[in-house]
Structures are given as C-alpha cells and as structure tokens.
Protein chains: 2
Amino acid sequence: MEFQLLAADSGSKARAGIITTDHGQIETPIFMPVGTVGSVKAVNQQQLKEEIKAQIILGNTYHLYLRPGTEILEEAGGLHKFNGWDRPILTDSGGYQVFSLSNNRKLTEEGAMFQSHIDGSRHLFTPERVMDIQRSIGADIIMAFDECPPYPSEYLYAKNSMELTHRWLARCIQRLGETEPKYGYRQTLFPIVQGSTYKDLRKASAEFVAAAECEGNAIGGLSVGEPEEMMYEMCALCCEYLPESKPRYLMGVGTPWNILENISLGVDMFDCVMPTRNGRNGMLFTSKGVVNIKNKKWANDFTPIDDGIDCYTSNFYTKAYLRHLFVASEILALEIASIHNLAFYLHLVKQAREHIIAGDYNQWKNEMIPILKQRC
Amino acid sequence: MEFQLLAADSGSKARAGIITTDHGQIETPIFMPVGTVGSVKAVNQQQLKEEIKAQIILGNTYHLYLRPGTEILEEAGGLHKFNGWDRPILTDSGGYQVFSLSNNRKLTEEGAMFQSHIDGSRHLFTPERVMDIQRSIGADIIMAFDECPPYPSEYLYAKNSMELTHRWLARCIQRLGETEPKYGYRQTLFPIVQGSTYKDLRKASAEFVAAAECEGNAIGGLSVGEPEEMMYEMCALCCEYLPESKPRYLMGVGTPWNILENISLGVDMFDCVMPTRNGRNGMLFTSKGVVNIKNKKWANDFTPIDDGIDCYTSNFYTKAYLRHLFVASEILALEIASIHNLAFYLHLVKQAREHIIAGDYNQWKNEMIPILKQRC
C-alpha cells in the first residue's frame, strides 16, 4: 500500500491524498460503506460502484468468520471473489463485535473467548487467530486485534485495556510477518490507538502505534457515547502523534458533521453504519439537511429525494414515493434510503476533498455544518 | 389499445402478438410482474427495465386505494408519475383482495363493504367506485370489479357469484363510458370470466364477456387451489369462447410450466406473485430447474445463479454468495432472488414467443416442461 499526500488545507489540518492498493486507488478523505457480512445492507455491488461511487468497503472479521466461514472464503479465493467486489476492502478485526454482540465473552492475556450470537458455539479469538482469519478473508487493509473499552471507563481499566491492546499489536505484527497473503496481492495492517477519553493514555497509545511503523494507523474507541467535543479533542490529540505521512482512519464515525470536523483534524478515512442503519429507519441525510421521510409532510412532495448530489436514485425517486414505500413497509424503501444516504456521504467527502485541494476547506466546512444539521 | 396477432403455432393454440398502449408496446405472450402497492417487491424500476426487461407491470386497486390513496395519486398525476414507471401498467380491480385480505367483508348487489386490513377503517367498493378509483390510478389496462369464488364452490354459489360479476360488469362498462381518463392517455377495460370449475358456467361466462366487446378479456378464478389439469381444462374452454382477435389474460397464474401450458391454450398475458414471493423464500426458477438456494449443497457452488438467461444479476452473483446472503438474512438476498426469478419468467415468455413465431412452440414446450420442473 502507498499513500501520497496531495494537498493540505491552510486553515485546518485537513489533507487530501491517494491510497494505492493492489485493488486500485482510494482518494482521501474517504468514507467506507460497511458491508458487515460481505454485503452492504440493502445495496448491491453495481449500485455501490455506479450510484454511490464507493472506492472501498468494509467487511467484518467476526461476522465473516461465523458466516460463511474461512473455509468457504478460501475456496472462493477470498472475499473479493466471494462477493464480487473488485475494489479495495478493509476488514475490522472483530474485537469490537466480540464485546458488543457475542455472549459469555471472557478476556485473557491470550485473547477473547466468546459464544457466537447466532448459535451459541464457543470460539477463541487471539491476535494470531485474527491475523490468520484476515489472511483467509483477504482484505487489502486489515486491522489489529484490540479491546475497545466502553464509555465511560475508569482510568485504570482504560490503561490496562490499552496496554493489552499494545501487547496484542506486537503479536499481530509478528504473526503477520510469519505468514503470507493467500491470494497473490498485498495486505497491510493498521494498528489501533485506544486510551478511552484520557489524554495521557491517548498520547501514549498514539506514540506506541506510531512507533510500530505500519503503513496506516487507526483511532478506535471513539463515538462510543462520549460528548462530541470530547471525541474531537481526543481525535485531535491522536492525529498530533500519528505520522502525517500515513493515512489516519477514525473508526465508526459518524454523522456528516462529525466527518467534516474530523477531516479538519487530520483524519483521512471513516466508516459508520449510520447512513445504512438510519436510512432503514427513514432518516435521510441530504444536501439540505436531515429529513425524516416518514413524516406526513412529505406525502405529497413530488420533488426528488435530493437533487443536490450526483446519484440516479436520489434524483429519480420523489420524497412522496419514498415516504409511501416506508409507510407500506416495502423493501424498496430500504434500498432507496440506503443508496441515497451512502451516495450523500460519498458526495460529502468528495466535496471536502475538492475544497481541501482548492484551499478553502475550513471556511466551506463552517458554512456546511449548520446546513447539514438542520431538520427539513 | 390495439392488438395485432403476428403468428400462431401450428401444433397448439399458442399465438404471438403485440399490444399497443399509450405507454408503449407489449410483446405477447407476456408475464407482468406484480407491483401491488406501486413497487415490485425488492426490485427497483431501473432493474425492472434493464435486467428483468419487464414490458408492463401490475398495480392493485385495493392496496393503492388504501395507500397512498387516490388523492395523492391524483396530485402526482397518476401512478406512472408517482412511481416513475413510464411503460404500461395494468391494475387489478381489488375484488380478489377484498375477499382475501380485508376483514368483515359483506357482499351485496350494490358492492362489497369491507374493513381495511391496515387500520380497520370501513370502505365500500362498488363497480362504479372501482372504475373511479382506477381512473385516478390511471393504469393503461383496468379490470372489471368481480367476485372470485373460492375452490371448491357449490354449483349454486358459483352460478350466483358469476351472475353478480356479470351484472357488475355492465355497471363497470356504463360508468367507464360516463367518465374520462384523467391524465390524457387512454385506459381500456378488461372484463373477467368467472364460473369456478363448472364447464357450463365457464362457457356462459366467456360468452357473456365476449359479447361485451371489450378490447381484451381476462380469465379469473383459476389457480385458486384446483388441480392443475382442471385449470387447464377450464382455461381451454374459456379461450374457445373468447375472441381470437383480442388478448386473453389469465389472472394469477402461475409456475413456469403453468405458463407454458396455458400459452399453448391461447393465453397471451399472465401475472403472479410466485416469482417474487417464492424468491424471497429462497426458491429460484432457473433454466436448469428449481433451486432451493438455502440448501447446504450450494454453500461452495461458485457458479452463477443462472448463466442460461440474459440478466446481469443472474450471471454476476454466484449460488454460494446468494445462499450466504439468505443464511445471514441479508436484504440483498431478497433483491437478487426477486430480480433473478422475474428475469427468468420474462426470459421464458420471450423464448416462448420466439418458438411460436418459428412455428415449433408445442415441441419446444414439451421438451422444456420436464427441465423446468426438475429439482436441482
């Protein structure tokens, strides 16, 4: 993987760059749609490319390990072949899901023992095992195995957890060095900064992660319930200690305004289930603000869902029709809302990139955020 | 509406034709995907055109009357404008749904009183009201209001029901003659033959319907539980008395082999929820037979869903991936299965048409049916 910095904003720490992987290039800043079990919910691969213009999607190690399992994925020739997505893929390590989804989880130095949320079967994830699984999945960017402490966490809990994540990182790096990619293209590891909401821990973790000299770095454990201002403060601190020459990935963030703020702090990559999950509940992010499409006021609004972005679905379908589909519980409602929200997120980061290159990012961001936040 | 007969099979009563409406032409024999509430479930309008190659879709008067309601539809400028489908639409009259879906229905000479299955509100459908509603919806082909007797029905019940349907037909025709289309394009009424499984009633009903001299005719009340052979017998009888120069529409039928058999009896138009409903349950109709895609045997079958038809989705996605999506309860599974099944139905009637024109329909049909029926 290579990362080339193209431009930096004068009024903020925002930057524009290009990541090059063996499955193609990614223009940063970028938003990555979440395809948990190998499918971005309610969206097909053609729509991801042509309408949403996704450049990279996420998969999840925990989910893909349980279903379809590494045996099937290896037989298919990796996740790209299995799901027909030939652009870059990033896999989350599964650490977060073990703690948020599975049952009877037990954390030891060795790793995390857990029961599947699907059938109750018992499994052990260790840093080594998680590297091996990610070799079998075959994503271009793979994540270190970490523990993501909840918010709020006691200082001592956060410190111990961070140190465990650091020791696990060393084991991830070692295992990865001892193994080869399975499908003939390169895979690169991103370590994860933890440290909860404690400045000294975040600094220590960012320094530790930076010292690992991986090709990109991630910031985890944010957007887990803490106030937005605290997220920005922690993110800014992490960015300060993570090398400028490498992409920075803020995991699981967030709203459109969260993304614009964090771009201005120096973040290059984002993922979040919000556009798809909220979309399925009828909450649309648009170029004019937030729309609750189930609201009766849209029943006879025959204007496009959003004519401010370049997306066939957003331009073609009307608010009245989409509202009707939600009211009638039609599956097409979920598809249209998911496509629109993801297309809007990709539109937003593309616009951000253009303003970084043009040199007026910070001003644009400050004008955009109130518009993005307003309720239509 | 015009209907032009292009070819007739020598070995059967199958025919190929072209229906011309103000929203374009329909090549018969044709299958019409069902878009009950203005959306073909789990399929978008672009996919209907480009992948499925649908030439006409169905809407349902009962559902569209309840949601979004005629007021919204009129404000939109009719269903075509509301749902963005600019090719022909046919609306079912709602008679069948009043009896299968609604509560506390009460049948009188005047019409059918019923309670909405959604909110329990009380409504009265009369032949006049149903014509008015279909004027508001604005389909190209609209159906007469009928009673569809269950199978089995007592002779006397079936006879009385048929006679009521005939009296209602006269009222439909009168009302339609007294009103104008609302959106500047023509609408044409198809009357419906009833008579349950009684030959003398079917003959009487087909003769009554033929005498109404509408531009097309429908056969209702079949595929409601009677044996297949009885359906074919009744259909053949109806076709004998319905004019050759007008399209014949067999309502709610059926499996791929049902369609091929009924084409050979002289039917030109079909609709059925089977491809979408069964698709959502993982049952695929393919060029090699019936596939239960949830079956474990497909877990590592990386061949396309169906490479025997011209449909991107059927050719692009593998059986293994689709099975995985069903096992993981992903929404994309419903979309892929629905698109494939509908594309297969449209492929099948297109092939049928080509064989009718080539003059070898009956032979081809007899070779195809065992293949279509086999379990893969």
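Which residues does A:Asp271 touch, not counting residues up to four places away in sequence? I took this as the opening query on a predicted model.

**Entry 1: A:Asp271**

I listed the contacts and found A:Phe31, A:Met32, A:Val34, A:Leu58, A:Tyr249, A:Leu250, A:Met251, A:Gly252, A:Val253 and A:Gly254. I then looked up the side-chain pairing: a polar contact of 2.7 Å links A:Asp271 to the side chain of A:Tyr249. I placed A:Asp271 in strand β15 of chain A, residues 269-271. Its relative accessible area is 8%, so I record A:Asp271 as buried, the cut-off being under 20%.

**Entry 2: A:Asp92 and the annotated pair**

I consulted UniProt, where an unreviewed entry puts the feature "active site" at A:Asp92 and A:Asp271. The two span 180 residues in sequence, yet their C-alpha atoms are no more than 10.2 Å apart, so they gather at one spot. I also checked the pockets: both A:Asp92 and A:Asp271 belong to the lining of the second largest one.

I next examined A:Asp92 by itself. It sits in strand β6 of chain A, residues 89-92, and is buried at 11% relative accessibility. Neighbours within four places in sequence aside, I find A:Asp92 in contact with A:Gly59, A:Asn60, A:Thr61, A:Gln97, A:Gln134, A:Met143 and A:Met251. With one of these, A:Asn60, the side chain of A:Asp92 makes a side-chain polar contact at 3.4 Å.

**Entry 3: helix α6 of chain A**

A:Gln134, a contact of A:Asp92, led me to helix α6 of chain A, residues 127-137. I counted 10 of its 11 residues as buried; A:Gln134 is among them, as are A:Pro127, A:Val130 and A:Ile137. Just after this helix, I noted that A:Gly138 takes a positive phi of about 85°.

**Entry 4: chain A as a whole**

I recorded 15 helices and 17 strands for chain A. Its radius of gyration is 20 Å, close to the 21 Å that the globule rule gives for 376 residues, so I describe chain A as being as compact as a globular protein of that length. The C-alpha trace spans about 60 × 45 × 40 Å along its principal axes. I find that 61% of the 376 residues in chain A are buried. Of the chain A contacts with a separation of 6 or more, 68% are between residues 24 or more positions apart.

I also looked up the domain record. An unreviewed UniProt entry carries the annotation "domain: tRNA-guanine(15) transglycosylase-like" over residues 12-369 of chain A. Over that range I noted 44% helix and 17% strand, with the end C-alpha atoms 15 Å apart.

**Entry 5: nonpolar cores**

Which residues touch the most other members of the largest nonpolar core? I found B:Tyr249, B:Leu260 and B:Ile263, in a core of 116 residues. Helix α14 of chain B, residues 331-358, supplies the largest share of this core, with 10 residues. Apart from it I located another core of 114 residues, which includes A:Ile26, A:Ala206, A:Tyr232 and B:Phe326.

I then listed contacts of B:Tyr249, leaving out residues up to four places away in sequence: among them are B:Met32, B:Leu58, B:Leu90, B:Met143, B:Phe190 and B:Asp271.

**Entry 6: B:Ser264**

I placed B:Ser264 in the loop between α10 (256-263) and β15 (269-271) of chain B. It is buried, at 8% relative accessibility. Its side chain reaches the backbone oxygen of B:Glu261 at 2.6 Å. Beyond four places in sequence, I find that B:Ser264 touches B:Ser12, B:Lys13, B:Ala14, B:Tyr361, B:Asn362 and B:Lys365.

**Entry 7: backbone geometry**

I searched for departures from a general tendency: most residues other than glycine have a negative phi, and most peptide bonds are trans.

- I found a cis peptide bond from A:Val253 to A:Gly254, with omega near 0°; A:Gly254 lies in the loop between β14 (248-250) and α10 (256-264) of chain A.
- I found another cis peptide bond joining B:Thr28 and B:Pro29, with omega about 0°; B:Pro29 is in the loop between β3 (24-28) and β4 (30-32) of chain B.
- A:Ser329 has a positive phi, near 55°; I note that A:Ser329 is exposed, at 62% relative accessibility.
- B:Lys53 has a positive phi, near 65°; I note that B:Lys53 is partly exposed, at 33% relative accessibility.

Terms used
Residues are numbered from 1 along each chain as its sequence is written. Chains are lettered from A and ligands numbered from 1 in the order in which they are written. This is a predicted model: local features need pLDDT of at least 70, side-chain atom pairs count only at pLDDT 80 or more; totals for chains, interfaces and linings use all residues. Side-chain values use heavy atoms; hydrogens and water are left out. A nonpolar core is a set of buried Ala, Val, Leu, Ile, Met, Phe, Trp, Tyr and Cys residues joined through side-chain atoms within 4.5 Å. Buried means under 20% relative accessible area, exposed over 50%, partly exposed in between (1.4 Å probe, protein chains only). Helices (H or I, at least four residues) and strands (E, at least two) are DSSP runs, numbered from the N terminus. Contact means heavy atoms within 4.5 Å. UniProt positions are given in the numbering used here, feature names are shortened, and annotations may be inferred rather than shown by experiment. On a 1 Å grid over the protein atoms alone, a cavity is a set of points where a 1.4 Å probe fits but cannot get out, and a pocket is an open set with protein on both sides within 12 Å along at least five of seven lines; lining residues have an atom within 4 Å of a point. A polar contact is a pair of N or O atoms within 3.5 Å; within protein, one must be able to donate a hydrogen and the other to accept it, and residues adjacent in sequence count only if both atoms are side-chain atoms. The radius of gyration is taken over C-alpha atoms; the globule rule is 2.2 Å times the number of residues to the power 0.38.
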